[in-house]
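Biologist: I would like a close look at one part of this model. Please take me through the helix packing and the core around it.

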Amino acid sequence: MSEELMQQILSISFYGASLALILIGVYGVLTKKNLIKILLSLTIVDSGVNLLFVSLGYIMNGTAPIFSPAIMDGKIEVLKTAPMVDPVPQALVLTAIVIGLGVTAVGLALVIRLFRHHNTTNIDEIRNLKW
Amino acid sequence: MKKIIIILLLAVIGYFLADIFFEIPFGEDSMVVSKEYLDKSPNDLHVANTVTSIVVNFRGFDTLGEVTVLFLASTAIGSILFRRRKVHTKLNPQRNAPHASRIVQISAKILFPLIVLLGAYVFIHGHLTPGGGFQGGVIIATGYLLLLVTYRKFSVSHSSLTWIEAIAGVTFAGIGVLGLILGKDFLENFLPVGTINNLFSGGIIGIIYVAVGFKVASELTGILDTMLSIKVDSEENEQN
């Protein structure tokens, strides 16, 4: 398979998958009635954005940006045959995952609190109650 | 009807997003700042894992903010869910519930130290292998989750968790301030960097990641414990 065709396929699959994840998440947020499902949809949007970030930093035939002993001794020619992928998006995604975890946890705590008041996680029923 | 409108809306959003995404060339070298990082990380800082050196050293201030967000999240969960927990622990119906089966109990006992060991390994070797404080902390928290779901009577002491969290946080910020005192920038490396790919290399990165590992582990364990003990409260409410 030629290099360029490979690149095309990878491009479509990675960008397409992250786009699909983002859209599925937004669809879930807009249509679902259950609060926990809405939170799950938000996490799906999160993973879509993270996948997009990491795939933006990818370089064809790249290796992980880790200078292992094999690389440092010159056993693997890093910068000629296999360049290192961009480490900055990976570092940003590491941050984003942790922040996403915090947001999800606070959201779940709020859902628990709402469930205690209303005994339901359906957003329509909660809206009808005055408290 | 509503769903059709939403799908149409998403189609429009998706079309324009795709238009932008597929403009970006995939797999091509478009690094600007990263070249500097990839050059400085092994040569100046002697850190093997470039992602770690970016997270803790080049963008260390960002990570301090990230740790603060996690701390805020755990504090927020505590304040949202806190409700007369002292009273309820006495009448806790969950405490009288049967434990998990004996197989699960024994396996949990065997697995727990190994999980904690793996977590410690991941955060101690954060500057050498893929891993770091956040990942290691989460692994340790999963070990505590195993104990919390297996043994109904198991509970973690929140005051000691708070102490561990506070000491780890103060260590992180204190290293930054120490750099300022020694005439460097905030969170800039001031220790000898050592040989690359040795455990004691990379200067302050190892210390900061151990602190972050403890902090994340204690915060997540606290969150898990708070969330698991909350089911009891709603049951009590229904009875009242």
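Modeller: What follows starts from one helix, then turns to the core and the chain contact. Keep in mind that this is a predicted model.

Start with H10 of chain B, residues 204-228. Its partner here is H9(B), residues 158-181. The two helices pack at an angle of about 150°, with their axes 8 Å apart. Angles over 145 degrees count as roughly antiparallel, so H9(B) and H10(B) are roughly antiparallel to each other. The crossing of H9(B) past H10(B) is left-handed. From H9(B), the contact draws on residues including Leu161(B), Ile164(B), Ala168(B), Phe172(B) and Ile175(B). From H10(B), Ile204(B), Ile208(B), Ala211(B), Val212(B) and Lys215(B) are among them. By type, the residues of this contact are 11 nonpolar, 6 polar and 3 charged.

H10(B) also meets H3(B). Their axes come within 10 Å and cross at roughly 85°. H3(B) is therefore roughly perpendicular to H10(B). H3(B) contributes Thr52(B), Ser53(B), Val56(B) and Asn57(B), and H10(B) contributes Ile205(B), Ile208(B) and Tyr209(B). That contact has 4 nonpolar residues, 3 polar and no charged.

Now the core. Nonpolar side chains tend to be buried together in soluble globular proteins. The largest nonpolar core here has 53 residues. Ile54(B), Phe172(B), Ile208(B) and Val212(B) have the most contacts inside it. Chain B gives two or more residues from each of H2, H3, H4, H7, H8, H9 and H10, and chain A does so from its helix H4 (87-118). H10(B) provides the largest share of this core, 11 residues. A second, separate core has 7 residues, including Leu19(A), Leu23(A), Val26(A) and Phe26(B).

Ile54(B) deserves its own look. Leaving out residues up to four places away in sequence, Ile54(B) touches Pro87(A), Val88(A), Ala91(A), Tyr37(B) and Arg59(B).

That brings us to the chain contact. Chain B puts in 43 residues and chain A 42. On the chain B side, helices H1 (2-21), H2 (33-45), H3 (50-58), H4 (60-81) and H11 (230-239) each supply at least two residues. H4(B) gives the largest share of that side, 9 residues. The chain B side divides into 29 nonpolar, 8 polar and 6 charged residues.

Notes:
Residues are numbered from 1 along each chain as its sequence is written. Chains are lettered from A and ligands numbered from 1 in the order in which they are written. This is a predicted model: local features need pLDDT of at least 70, side-chain atom pairs count only at pLDDT 80 or more; totals for chains, interfaces and linings use all residues. Axes are lines fitted to C-alpha atoms, for helices over the stretch in contact, and angles run from 0 to 180 degrees between N-to-C directions. Helices (H or I, at least four residues) and strands (E, at least two) are DSSP runs, numbered from the N terminus. Angles under 35 degrees count as roughly parallel, over 145 as roughly antiparallel, 65 to 115 as roughly perpendicular and the rest as oblique. A crossing is left-handed if the near helix is turned anticlockwise from the far one by less than a right angle, and right-handed if clockwise. Two residues are in contact if their C-beta atoms, placed from the backbone, lie within 7 Å. Ala, Val, Leu, Ile, Met, Phe, Trp, Tyr, Cys and Pro count as nonpolar, Asp, Glu, Lys and Arg as charged, and the others, Gly among them, as polar. A nonpolar core is a set of buried Ala, Val, Leu, Ile, Met, Phe, Trp, Tyr and Cys residues joined through C-beta atoms within 7 Å. A residue is buried if 20 or more other C-beta atoms lie within 10 Å of its own, exposed if 12 or fewer, and partly exposed in between; C-beta atoms are placed from the backbone.
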